[in-house]
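Here's a quick briefing to read alongside the coordinates. Pull up the viewer and follow the topics one by one.

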Amino acid sequence: MYDFGIRQAHTGYRIAYRQHETNHCPGCGNSHWMIGRLTAECAFCGTALPLIGGSSSGTGLFRQRGGSALSPLAA
C-alpha cells in the first residue's frame, strides 16, 4: 500500500478521494461519487481519483486468524 503521509512531504499535495470529507471533482466540481475498491469515479463526468487507504478493507480482503491455515482449493 502506498504511504501518502511520508511521501506527501516530498511530492506535494496529491488529488485523491478522502473518506469522511466533502470531495469535489477536479473535472466538473460536482460531489457525487461512485466508490470502488481502489478508486472513486465522479458520477457526472467520470473523472477517477485514487482512494486514500484503498484496498485496506472490503469484501475481497482475506485475513488469516490464529494458527489454522486454510485448506487449498481443489482445481
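Where is the place of Gln19? Gln19 sits in the loop between helix 1 and strand 1, and keep in mind that this is a predicted model. The protein chain holds one helix and three strands, laid out along the sequence as α-β-β-β.

**The chain as a whole**

- Of the chain's 75 residues, 15% count as buried.
- The protein chain exposes about 6300 Å², and 53% of that comes from carbon and sulfur atoms.
- If you look at contacts between residues at least 6 apart in sequence, 19% of them join residues at least 24 apart.

**The loop between helix 1 and strand 1**

- Gln19 counts as exposed because its relative accessibility is 57%, and the cut-off for exposed is over 50%.
- Gln19 also has a sequence-distant partner to look at: Ile52 is 33 residues away in sequence, yet the two C-alpha atoms are 7.4 Å apart in space.
- His20 is in this loop too, between helix 1 and strand 1.
- His20 has a phi near 70 degrees, a positive value in a residue other than glycine.
- With a relative accessible area of 77%, His20 is exposed.

**The sheet**

- The three strands make an open sheet in the order 1-2-3, paired antiparallel.
- Strand 1 and strand 3 (48-50) are the edges, each pairing on one side only.
- From one strand to the next, the twist averages 25 degrees.
- Strand 1 and strand 2 run antiparallel and are joined by three bridges; one to check is Trp33, whose bridge partner in strand 2 is Cys42.
- A hairpin of three residues takes you from strand 1 to strand 2.
- Strand 2 (residues 39-42) pairs with strand 3 in the antiparallel sense, again over three bridges.
- Going from strand 2 to strand 3, Glu41 has Ala48 as its bridge partner, and Ala40 has Leu49.
- The hairpin of strand 2 and strand 3 has five residues between the strands, and Gly46 in this hairpin takes a positive phi near 85 degrees.

**The two faces of strand 2**

- Side chains alternate along strand 2: Ala40 and Cys42 point to one face and are buried.
- Thr39 and Glu41 point to the other face and are not buried.

**The nonpolar core**

- Which residues make up the largest nonpolar core? The set has seven residues in all: Tyr17, Cys25, Trp33, Ala40, Cys42, Leu49 and Leu51.
- Leaving aside neighbours within four places in sequence, Ala40 is in contact with Tyr17, Trp33, Met34, Ile35, Thr47, Ala48, Leu49 and Leu51.
- Ala40 therefore falls on the buried face of strand 2 and also belongs to the largest nonpolar core, where buried means under 20% relative accessible area.

**The aromatic pair**

- The count of aromatic pairs comes to one.
- Tyr17 and Trp33 form that pair, with ring centres 5.6 Å apart and 65 degrees between the planes; the arrangement is edge-to-face because the angle is over 60 degrees.
- This pair links distant parts of the chain: Tyr17 is in the loop between helix 1 (4-11) and strand 1 (33-35), Trp33 is in strand 1, and they are 16 residues apart.
- Tyr17 and Trp33 are both buried.

Definitions and conventions. Residues are numbered from 1 along each chain as its sequence is written. This is a predicted model: local features need pLDDT of at least 70, side-chain atom pairs count only at pLDDT 80 or more; totals for chains, interfaces and linings use all residues. Side-chain values use heavy atoms; hydrogens and water are left out. Rings of Phe, Tyr and Trp (its six-membered ring) pair if their centres lie within 6.5 Å; planes under 30 degrees apart count as stacked, over 60 as edge-to-face and the rest as tilted. Helices (H or I, at least four residues) and strands (E, at least two) are DSSP runs, numbered from the N terminus. Buried means under 20% relative accessible area, exposed over 50%, partly exposed in between (1.4 Å probe, protein chains only). Contact means heavy atoms within 4.5 Å. Accessible areas come from the Shrake-Rupley method with a 1.4 Å probe; for residues, only the protein chains shown count as cover. A nonpolar core is a set of buried Ala, Val, Leu, Ile, Met, Phe, Trp, Tyr and Cys residues joined through side-chain atoms within 4.5 Å. Two strands pair if DSSP finds at least two bridges between them. Axes are lines fitted to C-alpha atoms, for helices over the stretch in contact, and angles run from 0 to 180 degrees between N-to-C directions.
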